[in-house]
Amino acid sequence: MATKQPTVWKKRILVPFWIIRIGLMLFIIAAYAWAINVLRQDPEYTAPAIGVVVIFMLLIIAVLLMDILAILLFLRDGLNPKTFLILNCVQTAFWAAVLILDIVSVARGESGVGLGFTIFVLFTFVALLIYAIIGYRRQRAQARLGHYAPAHNPAAPVAHGAHPPAYMNAAPYQQNTAYYPPTGGISQDQFHMQNTHGAAGDYYNTQPAKPAHYV
């Protein structure tokens with residue numbers, strides 16, 4: 001199995017969007033903090049209205065903290081594509097819901113001044129969501145290509161005492177390369193001795209030695 005390669009994120013894509021998004025979130029949080037202060041000083045507004053603004057501001061703070069978490073993981077080379085994708089899905093879903101609420105408010109006859117601003121904020125989150133999806137799919141493709149079974153190499157050295165793996169349910173080949181003739185497992189010398197018995201063998205075995213000189 002191949003080692004898992006880290007996903008390479010491009011700073012020129014992440015950093016500008018993070019700067020814009022963090023700046024927008026800080027601006028919105030400051031605006032809602034000012035709105036809460038105004039609502040407290042105005043006796044015409046009730047506590048439920050202030051509570052809605054507080055809840056909305058806390059949700060924006062949560063979105064901001066998600067970006068900060070992603071930045072910290074990126075600086076430590078630990079920004080996993082799956083984690084980055086989940087964070088961007090949650091953030092984008094939140095701002096998509098805000099856009100739907102703004103559209104409903106405009107349809108009811110309220111002012112649509114903040115609609116364009118909400119669309120711009122949503123665009124910054126959708127852009128990074130698309131980039132997160134691309135990074136996640138690239139990592140999955142690399143993981144599928146990285147899972148492989150090592151092929152058996154007959155030329156590879158085998159450790160002492162180890163047996164090579166069987167191929168197609170066959171028994172492992174033996175390390176001894178000595179030749180054994182098909183005569184019941186006898187040795188080559190015994191096979192030669194048996195074949196020399198007979199007419200030809202008796203002839204060569206019973207012939208007297210030829211004298212070097214005749215007398």
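Which residue with a positive phi follows α3? That residue is Gly109, with phi near 105°. The model behind this passage is predicted, so local features are taken up at pLDDT of at least 70 and side-chain atom pairs at pLDDT 80 or more, while totals for chains, interfaces and linings use all residues. Residues are numbered from 1 along each chain as its sequence is written, and side-chain values use heavy atoms, leaving out hydrogens and water.

Helix α3 itself comes next. Helices here are DSSP runs of H or I with at least four residues, strands are runs of E with at least two, and numbering goes from the N terminus. With 27 residues at 1.5 Å a residue, α3 should span 39 Å, and its end C-alpha atoms are 38 Å apart, which agrees; the expected span is 1.5 Å times one less than the number of residues. At the N-terminal end, Asn80 acts as a cap, with a side-chain oxygen 2.8 Å from the backbone nitrogen of Lys82. That is a polar contact, meaning a pair of N or O atoms within 3.5 Å; within protein, one must be able to donate a hydrogen and the other to accept it, and residues adjacent in sequence count only if both atoms are side-chain atoms. The buried residues of α3 include Phe84, Trp95, Val98 and Leu99. Buried stands for under 20% relative accessible area, exposed for over 50%, and partly exposed for anything in between (1.4 Å probe, protein chains only).

Just ahead of α3, the loop between α2 and α3 holds Asp77. Most residues other than glycine have a negative phi. Asp77 goes the other way, with a positive phi near 55°. Asp77 counts as exposed because its relative accessibility is 72%.

Three of the α3 residues turn up again around Thr118, which sits in helix α4 (residues 113-146). Leaving aside neighbours within four places in sequence, Thr118 is in contact (heavy atoms within 4.5 Å) with Trp95, Val98, Leu99 and Asp102. Thr118 counts as buried because its relative accessible area is 5%. Its side chain also reaches back to the backbone oxygen of Gly114, at 2.9 Å.

Now for the rings. A search of the whole structure turns up 9 aromatic pairs. Rings of Phe, Tyr and Trp (its six-membered ring) pair if their centres lie within 6.5 Å, with planes under 30 degrees apart called stacked, over 60 edge-to-face and the rest tilted. Trp18 and Phe84 make an edge-to-face pair, 6.4 Å centre to centre with 80° between the planes. This pair links distant parts of the chain, since Trp18 is in helix α1 (residues 11-41) and Phe84 is in helix α3 (residues 81-107), 66 residues apart. Both Trp18 and Phe84 are buried. Phe27 and Phe117 are another edge-to-face pair, because their ring centres are 6.2 Å apart and their planes are at 65°. Here the link runs from Phe27 in helix α1 to Phe117 in helix α4, 90 residues apart. Phe27 is exposed, at 53% relative accessible area, whereas Phe117 is partly exposed at 33%. Ring pairs also join Trp9, Trp18, Phe74, Phe84 and Tyr131 into a cluster.

What about charge? Side chains of opposite charge can pair when their charged atoms come close. The count comes to 1 salt bridge, defined as a side-chain nitrogen of Lys or Arg within 4 Å of a carboxyl oxygen of Asp or Glu. Arg21 and Asp67 form it, their closest N and O atoms being 2.5 Å apart. Arg21 belongs to helix α1 and Asp67 to helix α2 (residues 47-75), so the bridge links parts of the chain 46 residues apart. Both Arg21 and Asp67 are buried.

Helices α1 and α2 have further points of approach. Ile50, in helix α2, touches Ile36, Leu39 and Arg40, not counting residues up to four places away in sequence. Ile50 is buried, with a relative accessible area of 16%. Val15, in helix α1, is partly exposed at 34%, and its C-alpha atom is 8.9 Å from that of Ile71.

Finally, an unreviewed UniProt entry lists residues 12-35, 47-73, 85-107 and 113-134 as "transmembrane region"; such annotations may be inferred rather than shown by experiment, with feature names shortened and positions given in the numbering used here. Residues 12-35 are 100% helix and 0% strand, with end C-alpha atoms 35 Å apart. Residues 113-134 are likewise 100% helix and 0% strand, the end C-alpha atoms being 34 Å apart.
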